[in-house]
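Got your viewer open and your selection tool ready? Let's take a walk through the model, one stop at a time.

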Amino acid sequence: MSNLTRSSVWQALSAHQIEIREQTMRNLFANDANRFDKFSLREDGLLFDFSKNLITEETLALLINLARQSNLSDWIERQFNGEKINTSEARAVLHTALRSPRDCSVLVDGKNVIPDVHRVLEHIRRYSDAIRSGATLGHTGKKIRHIVNIGIGGSALGPLMACEALKPFGSDDLTAHFVSNVDATDIAETLKKLDAETTLFIISSKTFTTQETLANAHTARAWLVDHLGTEQAVAKHFAAVSTNLSETSKFGINPENVFEFWDWVGGRYSLWSAIGLPIALYIGMENFERLLAGGHAMDEHFRNAPLEKNMPVILALLGIWYGNFFGTGSYAILPYDQYMQHFPAYLQQLEMESNGKRVDREGKPVDYDTHFVVWGAPGTNGQHSFYQLIHQGTRMVPADFLAPLTSHNPIGEHHAMLLSNCFAQTEALMLGKTESEARAELVAQGLTGNALEALLPYKIFPGNRPSNTLLFEKLDPYTLGRLIALYEQKIFVQSVIWNINAFDQWGVEFGKQLANKLLPELRSKGTVNTHDSSTNNLINIYRNRHIA
């Protein structure tokens with residue numbers, strides 16, 4: 001057994017789970033009129049209601065003890081102070097510094113990184129203002145109307161999620177497009193929508209060597225040159241977020257349009273950096289700074305609030321409670337806001353790439369689950385898709401419901417209908433429907449005898465399905481920043497308790513290594529027999545089809 005599972009706190013939680021699993025949330029609410037007040041937090045306009053969980057005050061106290069046992073408070077300070085807590089890569093983890101005000105000081109190897117952060121932010125401001133205002137034009141003198149972000153992973157999904165979420169704040173004169181898949185269909189279908197004279201491509205690759213990103217970038221470059229008739233146009237229609245000035249220069253990108261970021265910024269945590277350039281272009285620098293301010297506000301709450309009143313800490317502990325002690329294999333992210341349609345996918349990468357690890361910080365295999373499958377869909381779409389499983393399936397699926405109190409599009413009763421569904425789902429998951437309630441309902445519908453008894457089992461809902469609800473006034477840049485940072489810090493808390501490194505991703509690197517090895521084999525003639533029989537045959541079938 002590991003030190004974690006052997007610890008007295010872990011053992012106490014295991015024993016407590018056996019006791020509490022026989023209780024129902026229905027009874028917990030019936031027996032405590034103040035349950036909502038005890039198990040909800042309000043912070044700067046954000047309401048976090050976690051009362052619909054299978055917990056008591058004893059549960060929460062035991063979970064807080066688990067956090068204290070891991071020296072969480074010390075780890076929080078180590079993160080914010082720039083210590084190299086990404087131990088496998090010997091790097092600091094400072095996406096928090098990217099959203100820190102100018103007067104902060106964060107040292108990495110003895111250097112305060114905050115001035116460099118704000119130097120790059122000023123660079124983003126000058127460039128985005130010039131593009132948006134028309135002070136900087138395309139090669140033929142036309143104003144830029146289309147922004148195409150070419151990246152992969154966090155370099156693509158973060159800006160995509162944020163631009164869609166903040167569409168009400170986007171420029172009417174700009175359309176944002178995102179290309180990430182190396183499947184030629186992605187870039188081909190995007191290029192069909194564009195006018196070369198009014199299109200700006202942003203290539204996001206720290207090393208400027210990422211295979212998928214560079215393939216799409218060179219395709220876009222060839223398309224631009226073909227349509228505008230000259231290599232000279234590249235300098236006016238391409239920008240890059242990279243540290244490799246030599247390669248960006250060879251590509252033809254003006255050095256003034258290359259934006260820096262640092263090795264202490266992980267890809268899935270990078271939208272706060274120059275990777276957020278398409279966000280700043282689309283919503284304007286003032287709104288981008290509001291996004292940063294929201295993230296910083298959540299950081300301050302996380303750093304300073306007591307563990308018992310700390311939103312990321314409580315959210316993380318509830319995830320551990322269900323994942324490690326109830327054996328849930330997944331949880332759902334359910335935003336009741338169409339603008340947040342990419343938020344579940346964004347968190348899927350953020351959480352599963354961060355904490356999907358099988359060894360601890362010392363390189364030893366763990367004997368407990370470290371993360372779970374994250375999935376979801378927006379609003380009532382999911383209700384007509386997978387909610388059936390959440391309500392009546394055999395597995396418990398904890399869920400986070402996120403919803404704005406006010407819509408950007410107040411049309412008739414749409415928003416009231418939306419929120420009535422949101423609140424009803426959390427209540428239904430908690431309450432369920434007993435056999436006696438289902439029977440009474442069927443009798444009221446006129447069913448009797450064998451017909452009633454045959455239908456009855458299908459109408460029973462077990463309930464006791466946990467959920468959290470996050471309510472906010474309206475989805476704006478500041479609120480989105482706070483929500484993203486909330487989940488980032490939740491992930492960090494869980495990694496500390498599980499004693500794993502949330503900031504490397506060697507599994508991703510392994511797949512890339514094999515792909516780089518296979519690609520030349522797909523291009524060459526002859527028969528491949530250096531792999532297993534399945535891979536050999538797959539390669540040879542492709543080669544027989546495409547290599548003359």
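Start by selecting helix α22 (residues 477–498), which gives 3 residues, the largest share, to the lining of the second largest cavity. Helices here are DSSP runs of H or I with at least four residues, strands are E runs of at least two, and both are numbered from the N terminus. You're looking at a predicted model, where local features need pLDDT of at least 70, side-chain atom pairs count only at pLDDT 80 or more, and totals for chains, interfaces and linings use all residues. Residues are numbered from 1 along each chain as its sequence is written, and side-chain values use heavy atoms, leaving out hydrogens and water.

Now show the lining of that second cavity: Trp75, Ile85, Arg361, Phe492, Ser495, Val496, Ile500, Asn501, Ala502 and Phe503. The space they surround has a volume of about 50 Å³. (A cavity is a set of points on a 1 Å grid over the protein atoms alone where a 1.4 Å probe fits but cannot get out; lining residues have an atom within 4 Å of a point. Points are joined across faces, edges and corners, and the volume is the space filled by probe spheres set on them.)

Stay with Trp75 and add Arg78: the charged end of Arg78 sits over the Trp75 ring, 4.2 Å from its centre. That label needs NZ of Lys or CZ of Arg within 6 Å of the ring centre and within 35 degrees of the ring normal.

Next, pick Phe492 again, together with Phe302. Their rings make an edge-to-face pair, 6.5 Å centre to centre with 80° between the planes. (Rings of Phe, Tyr and Trp, the last by its six-membered ring, pair with centres within 6.5 Å; planes under 30 degrees apart are stacked, over 60 edge-to-face, the rest tilted.) Phe302 belongs to helix α14 (residues 285–304), and 190 residues separate the two partners. Are they buried or exposed? Phe302 is buried at 1% relative accessibility, and Phe492 is buried at 2%. (Buried is under 20% relative accessible area, exposed over 50%, partly exposed in between, with a 1.4 Å probe and protein chains only.)

Want a bigger group of rings? Select Trp10, Trp321, Tyr322, Phe325, Phe326 and Tyr368, which form one aromatic cluster.

Keep Tyr322 selected for the last stop, the largest cavity, at about 160 Å³. Tyr322 is among the residues closest to its centre, along with Leu318, Gly319, Tyr331 and Pro398. Helix α15 supplies the largest share of this lining, 5 residues.

Notes. 1 Å grid on protein atoms, 1.4 Å probe; cavity = no way out; pocket = protein on both sides within 12 Å on 5 of 7 lines; lining within 4 Å.
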